[in-house]
Amino acid sequence: MGAVAAALRDRGFVVTGSDENVYPPMSTFLESRGIALSAGFREENIPANVDVVVVGNAMKRGNPELEAVLNRKLYYVSLPEVLRNEFLRGRHNLVVTGTHGKTTTTALLTWILTSAGLEPSYMIGGIPRNLGQGATFNDSKYVVLEGDEYDTAFFDKRSKFIHYLPELVIVNNIEFDHADIFDNLEMVKRSFRHLLRIVPQNGMVLINGDDPNCVEVTDSCYAQLVEVGFSENCAHRIHDVDYSAESSRFAVHDDSFELPMIGEFNVRNAAMAISAAKFYGVPKAEIQKALSSFKGIARRQEVRGVARGVTVIDDFGHHPTAIAQTLTALRHRYAGQRIWAVFEPRSNTTRRAVFQQELPDALKLADGVFISQVARLEQIPANERLNPEAVVKSIADSGRPAFYEPDADHIVDRLLPQLREKEVVTVFSNGGFDNIHEKLLARLRE
């Protein structure tokens, strides 16, 4: 929403917006672009002379602004409808999907095309440091989009990516997520089948050939299909991988590359972006130049600061697979150092008991763990809610120190005395987490 709001502002629209919580980096980015933000939802936030209201997919009946839109009979649309009608028709749309790695892969692909002079439009669910913003829309024939499987709006329960008129689709991986809208993995796979069914015959589908769920959803695909992965059957096979503390070296098919990021999941993301760029004729040398200069994305293994020898990292990870992958990658970067994981159960899936068994296995890859109270726990019945105390007990039983504390302040108070020089604290949250990173750094500097 924020990225497209900025793009519409650039086109001359007057844009305002509301959200339940307003926090950096998106809040500061929007304010810098002259977009007025309101924290909390109130009927008076909607201007009297509004032409169109874009309804985010988190909005539900009962929201005072949404009720005002309906009562006033205002013209309203979903965000994906705005994209399709204002920005995507007649373009070459490259849509990056999957449970994990969407933002990084989209940013990598966008940067490769940008570095090669193709000047793509793009929409990314984060802020890549190379680009400085999450979206831009110009006259280029190429558009790179992060394609989310979450539903479109309260009035349209199809996945957002169905609206994006794809010519090329990347499917990074498929796992169960978004338990608030999908009942099971089969429903998730059904949405991906719908997406691949609308890719034209002269288009391209790149899938993770190591993921059986990805392979399975291609049964109704009419476009050219290429498997990317480590398996022998993959046409674009990843091989000869070597990790250092600062980079990853690897080969895709016949070409070798180096990426200033670590971890197998980042190698997979890069391999997908490389394969997509080759489909549009970008030479290998241009691809490597772009990879070498890629600076990453805010809130993806982002070092927020170092104080008293302790490194504090912010990471958006909230699914057990993403948490495990990040912790594994950090082992390469901070070899021999003690790593603490601080986790806030905040996403619509991790607030529920869906990953009650999987979360301990992911978090125990750290040397010590803190878990906060489930966010907005009153919205979920107790019998359906994640039990963070049970997660902590499971981790502690495995021999790792693990603690439950209700909020950021209590976590900082209890964590601080246990920290030593050359240790790492990684905070996992898809929200602001009450600015826990800066609170910890400030206390360390005292």
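Which residue in E12 is the bridge partner of Val169? In this predicted model, the partner is Val205. The pair belongs to the contact between E11 and E12, which run parallel and share four bridges. Between the two strands the chain passes through helix H6, residues 185-197. This β-α-β crossover is right-handed.

E12 spans residues 204-208. On its other pairing, with strand E13 (residues 224-229), the sense is again parallel, over five bridges. Here Ile207 of E12 has Glu227 of E13 as its bridge partner. Five of the five residues of E12 are buried, so the strand is largely enclosed by the rest of the structure. Side chains in a regular strand alternate between the two faces of the sheet. In E12, Met204, Leu206 and Asn208 point one way. Val205 and Ile207 point the other way. Residues of both sets are buried.

These strands are part of an open sheet of 10 strands with mixed pairing. The order is E7-E6-E8-E5-E11-E12-E13-E14-E15-E16. Strand E7 (135-136) and strand E16 (255-259) form the edges, each pairing on one side only. Helix H8, residues 264-279, lies across part of this sheet. The strands beneath its path are E11 (168-171), E12, E13, E14 (236-243), E15 (248-252) and E16. The helix runs at about 40 degrees to E15.

The cysteines were examined next. The structure holds zero disulfides. For Cys221, the closest cysteine sulfur is in Cys214, at 12 Å, and that is too far for a bond. A disulfide would require the two sulfur atoms to lie within 2.5 Å. Cys234 also has its closest cysteine sulfur in Cys214, at 10 Å, again too far for a bond. Cys221 is buried, because its relative accessibility is 17% and the cut-off for burial is under 20%. Cys234 is buried too, with a relative accessible area of 6%.

Two buried polar residues were then considered. Ser159 is located in strand E10, residues 156-159. Its relative accessible area is 4%, so Ser159 counts as buried. A polar atom of the Ser159 side chain lies 2.6 Å from the backbone oxygen of Glu149. Glu149 is also among the contacts of Ser159 beyond four places in sequence. The others in that set are Asp148, Tyr150, Asp151, Thr152, Phe182 and Ser191.

Glu423 is located in strand E22, residues 423-428. Its relative accessibility is 6%, so Glu423 is likewise buried. The side chains of Glu423 and Trp340 are joined by a polar contact of 3.1 Å. With neighbours within four places in sequence set aside, Glu423 is in contact with Gly309, Val310, Thr311, Gln337, Arg338, Trp340 and Gln418. Gly309 stands 114 residues from Glu423 along the chain. The C-alpha atoms of these two residues are nevertheless separated by 7.1 Å.

Definitions and conventions:
Residues numbered from 1 in each chain as written. Predicted model: local features only at pLDDT ≥ 70, side-chain atom pairs only at ≥ 80, totals over all residues. Heavy atoms only, no water. Pairing = 2+ DSSP bridges. Contact = heavy atoms within 4.5 Å. Axes fitted to C-alpha atoms, helices over the stretch in contact; angles between N-to-C directions. Buried < 20%, exposed > 50% of the residue type's maximum accessible area, 1.4 Å probe, protein only. Polar contact = N/O pair within 3.5 Å; in protein donor to acceptor, adjacent residues only side chain to side chain. Right-handed = clockwise from strand over helix to strand, strands pointing away.
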